[in-house]
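Student: I'd like to learn how to read a protein model. Could you walk me through one?

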Amino acid sequence: LLDRGSAAVIASPWPLDSRVPSHWLPAFLAEWEAGAALIDANAAGNRAVSAQMGNEPRDALAMTLYGNPFLRRVDLVDP
């Protein structure tokens, strides 16, 4: 995806526990919609997973950011 022009991708490098997205996504979106940088929104999602599922790296660090970590939602909105 990055080679095809995407500025950033968030994905897991290994198979996810099916419960991870339901904990990660609400926390990620809250930060992202509030204007946080992608790296901070991703970290918020990972912290939410850790808080709900335990601090097991395979779950709490599953969502990994590739590409531009400083991208913000406002950078994607046309003026």
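**Reading the chain, step by step**

Tutor: Let's start with charge: the chain carries 6 positive and 9 negative side chains, and the centres of these two sets lie 2 Å apart. Keep in mind that this is a predicted model.

Student: Okay, and how do I get an overview of the fold? How many helices and strands does the chain have?

Tutor: Begin by listing the elements, then read them in order. Here we have four helices and two strands. Starting at the N terminus, the order is β-α-α-α-β-α.

Student: What does the radius of gyration tell me about this chain?

Tutor: You hold it up against what a compact globule with the given number of residues would have. For 79 residues that would be near 12 Å, and the chain has 13 Å, so the two agree. You can also picture a box around the C-alpha atoms: along the principal axes it is roughly 40 × 30 × 15 Å.

Student: What share of the residues is buried?

Tutor: Buried residues account for 29% of the 79 in the chain. For the outside, look at the accessible surface, which comes to about 5100 Å², with 54% of it belonging to carbon and sulfur atoms.

Student: And how do I see whether contacts link distant parts of the sequence?

Tutor: Take the contacts between residues at least 6 apart in sequence, and ask what share of them reaches much further. In this chain, 68% of those contacts join residues at least 24 apart.

Student: Let's try single residues. Is Asn-46 buried or exposed?

Tutor: The idea is to compare the relative accessibility with a cut-off: under 20% is buried, over 50% is exposed, and in between is partly exposed. Asn-46 has 10%, so this residue counts as buried. Asn-46 sits in helix α2, which covers residues 38-53.

Student: Which residues does Asn-46 touch, apart from those up to four places away in sequence?

Tutor: Asn-46 touches Trp-24, Ala-60, Leu-61 and Met-63.

Student: Where would I find an exposed residue to compare?

Tutor: Try Gly-5, which counts as exposed because its relative accessibility is 63%. Gly-5 belongs to the segment before β1 (8-11). Gly-5 and Leu-16 are eleven residues apart in sequence, with 25 Å between their C-alpha atoms.

Student: What about Pro-21? Which helix is Pro-21 in?

Tutor: Pro-21 is part of helix α1, residues 20-33. With 38% relative accessibility, Pro-21 counts as partly exposed. Skipping residues up to four places away in sequence, Pro-21 touches Leu-16 and Pro-26. Now set sequence against space: Pro-21 and Met-63 are 42 residues apart along the chain, while 9.1 Å separates their C-alpha atoms.

Student: Back to charges, then. How should I think about salt bridges?

Tutor: Side chains of opposite charge can pair when their charged atoms come close. Searching the whole structure turns up three salt bridges.

Student: Which residue does Arg-19 pair with?

Tutor: The side chain of Arg-19 meets that of Asp-17, at 2.8 Å from N to O. Arg-19 is partly exposed at 45% relative accessibility, and Asp-17 is partly exposed too, at 25%.

Student: And where are the others?

Tutor: Look at Arg-58. The side chain of Arg-58 forms a salt bridge with Glu-56 at 3.5 Å, N to O, and another with Asp-59 at 3.9 Å, N to O. Shared partners in these salt bridges join Glu-56, Arg-58 and Asp-59 into one network.

Student: How buried or exposed are the members of that network?

Tutor: Let's go one by one. Glu-56 has a relative accessible area of 36%, so it is partly exposed. Arg-58 counts as exposed, at 53%. Asp-59 is buried, with a relative accessible area of 5%.

Student: Where does Asp-59 lie, and what is Asp-59 in contact with, beyond its neighbours within four places in sequence?

Tutor: Asp-59 lies in helix α3, which spans residues 57-60. Leaving those neighbours aside, Asp-59 is in contact with Asp-17, Val-20, Val-49 and Met-53. You've already met Asp-17 as the salt-bridge partner of Arg-19.

Technical notes: Residues numbered from 1 in each chain as written. Predicted model: local features only at pLDDT ≥ 70, side-chain atom pairs only at ≥ 80, totals over all residues. Heavy atoms only, no water. Rg over C-alpha atoms; globule rule 2.2 N^0.38 Å. Buried < 20%, exposed > 50% of the residue type's maximum accessible area, 1.4 Å probe, protein only. Contact = heavy atoms within 4.5 Å. Areas by Shrake-Rupley, 256 points an atom, 1.4 Å probe, with all protein chains shown as cover. Lys, Arg positive; Asp, Glu negative; His and termini not counted. Charge placed at Lys NZ, Arg CZ, Asp CG, Glu CD. Salt bridge = Lys/Arg side-chain N within 4 Å of Asp/Glu carboxyl O.
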